[in-house]
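This report describes how the parts of one protein chain are arranged in space. Please keep the structure in view while reading.

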Amino acid sequence: MDGILIVMSGFSGAGKGTLLHRLLDDYEDFAFSVSMTTRAPREGEVDGRDYFFVDKEKFEETIRNGGLYEHAQYCGNYYGTPKAYVDEQLKKGKSVILDIEVQGAMQIKEKFPDTLMVFVTPPSIAVLRKRLEGRGTETAEVINKRIDRAKEEVNWMDKYEYIIINDDLDTAVKEMHDIILAQRYQTKRLGTFIDEIKTELKNI
Ligand code: 5GP
């Protein structure tokens, strides 16, 4: 069965990263699309695993050479999805998950209308604020910036096909997996299988 393309966007602090890692740990048939970015690596991030970290020149050269499926600027840095890795994984039958913000997500949906579009949100903005404050790593200014960003991103929420309300992590992981499974068994994605059955019947 062919893998599918999955876009996951969400408010900063919605727990998208944790959800994604759990999904990749628990299920073998998913691959994470490693993005290219000009932002500096954070502590613990590994080049080629979390991101391909490049400078602005290299990023712009990749855009010119048509090496990205989408790209966007976010907080002053470039982010983009390299084509080669996505193609390679899909060919292997893996479902590829793109963790990208809303502008890039819309570019992907336009290029690949069959993309499964999922938006991850906490149960409320009060919970979002509490989570951000609870981390104890963000200043009040950064927290307010993230909330401001949510005010913009909320306008794109209804462009997504599914909303995951990340209240309890285990439940959210299961729901996400169920949604992906259901999507994979859609008739429109099983054309090859249907053709095989037809051929078998013809040859009886
Ligand atoms: P961060 O710098 O916190 O890792 O990511 C910032 C934002 O950029 C997140 O919303 C993340 O989903 C988004 N992002 C990461 N990679 C890509 C990408 O390849 N393309 C786009 N458009 N956004 C991305």
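A crossing of two helices is called left-handed if the near helix is turned anticlockwise from the far one by less than a right angle, and right-handed if it is turned clockwise. The model discussed here is predicted.

## A pair of helices

By this definition, helix 5 and helix 6 cross in the right-handed sense. Helix 5 comprises residues 125-135, and its axis lies 10 Å from that of helix 6, with a packing angle of about 150°. Angles over 145 degrees count as roughly antiparallel, and helix 5 is therefore roughly antiparallel to helix 6.

Which residues make the contact between helix 5 and helix 6? Helix 5 contributes Ile125, Leu128, Arg129, Leu132, Glu133 and Arg135, while helix 6 contributes Ile143, Asn144, Arg146 and Ile147.

## The five-stranded sheet

Strands of a sheet pair through backbone hydrogen bonds, in either a parallel or an antiparallel manner. One open sheet in this model has five strands in the order 2-7-1-8-9, and its pairing is parallel. Strand 2 (30-32) and strand 9 (162-165) form the edges; each has a single partner strand, so one side of each lacks a neighbour in the sheet. On average, neighbouring strands here are turned by 25° against each other, direction ignored.

At one edge, strand 2 runs parallel to strand 7 (residues 95-99), and three bridges join them. Ala31 has Val96 of strand 7 as its bridge partner. Helix 7 (residues 169-184) packs on this sheet and touches strand 1 (5-10), strand 2, strand 7, strand 8 (116-121) and strand 9. The direction of helix 7 makes about 160° with that of strand 9.

## Strand 8 and its neighbours

Where does strand 8 stand with respect to the rest of the structure? Six of its six residues are buried, so strand 8 is largely enclosed by the rest of the structure. In a regular strand, side chains alternate between the two faces of the sheet. In strand 8, Leu116, Val118 and Val120 point one way, whereas Met117, Phe119 and Thr121 point the other way, and all are buried.

Strand 8 is joined to strand 1 by five bridges, and the two run parallel. It is also joined to strand 9 by four bridges, again in a parallel arrangement. Phe119 takes part on both sides: Ser9 stands opposite Phe119, and Phe119 stands opposite Ile163 in strand 9.

## The four-stranded sheet

A second arrangement is an open sheet of four strands in the order 4-3-6-5, with mixed pairing. Its edges are strand 4 (51-53) and strand 5 (68-74); each has a single partner strand, so one side of each is left without a neighbour in the sheet. Neighbouring strands of this sheet are turned by 25° against each other on average, direction ignored.

Strand 3 (residues 35-37) pairs with strand 4 in the parallel sense over three bridges, and Ser35 stands opposite Tyr51. Helix 2 lies across strand 3, strand 5 and strand 6, and it runs at about 45° to strand 6.

## Aromatic pairs

How many aromatic pairs does the model contain? The count comes to eight. In one pair, the ring centres of Phe59 and Tyr78 are 4.7 Å apart and the planes stand at 0°, so this pair is stacked. Phe59 belongs to helix 2 (residues 56-64) and Tyr78 to strand 6 (residues 77-82), so the pair ties together parts that are 19 residues apart in sequence. Both Phe59 and Tyr78 are buried.

In another pair, the rings of Phe119 and Tyr160 have centres 5.2 Å apart and planes at 70°, so the pair is edge-to-face. Phe119 lies in strand 8 and Tyr160 in the loop between helix 6 (140-153) and strand 9, so parts 41 residues apart in sequence are tied together. Phe119 and Tyr160 are both buried. In addition, Tyr51, Phe53, Tyr74 and Tyr79 form one aromatic cluster.

## A buried leucine

Leu20 is located in helix 1 (residues 16-26). Is Leu20 buried or exposed? Residues under 20% relative accessible area count as buried, and Leu20, at 4% relative accessibility, therefore counts as buried.

Leaving aside neighbours within four places in sequence, Leu20 is in contact with Met8, Phe32, Ile97 and Asp99. Leu20 and Val173 are 153 residues apart in sequence, and their C-alpha atoms are 8.1 Å apart in space.

How values were computed:
Residues are numbered from 1 along each chain as its sequence is written. This is a predicted model: local features need pLDDT of at least 70, side-chain atom pairs count only at pLDDT 80 or more; totals for chains, interfaces and linings use all residues. Side-chain values use heavy atoms; hydrogens and water are left out. Two strands pair if DSSP finds at least two bridges between them. Axes are lines fitted to C-alpha atoms, for helices over the stretch in contact, and angles run from 0 to 180 degrees between N-to-C directions. Contact means heavy atoms within 4.5 Å. Rings of Phe, Tyr and Trp (its six-membered ring) pair if their centres lie within 6.5 Å; planes under 30 degrees apart count as stacked, over 60 as edge-to-face and the rest as tilted. Buried means under 20% relative accessible area, exposed over 50%, partly exposed in between (1.4 Å probe, protein chains only). Angles under 35 degrees count as roughly parallel, over 145 as roughly antiparallel, 65 to 115 as roughly perpendicular and the rest as oblique.
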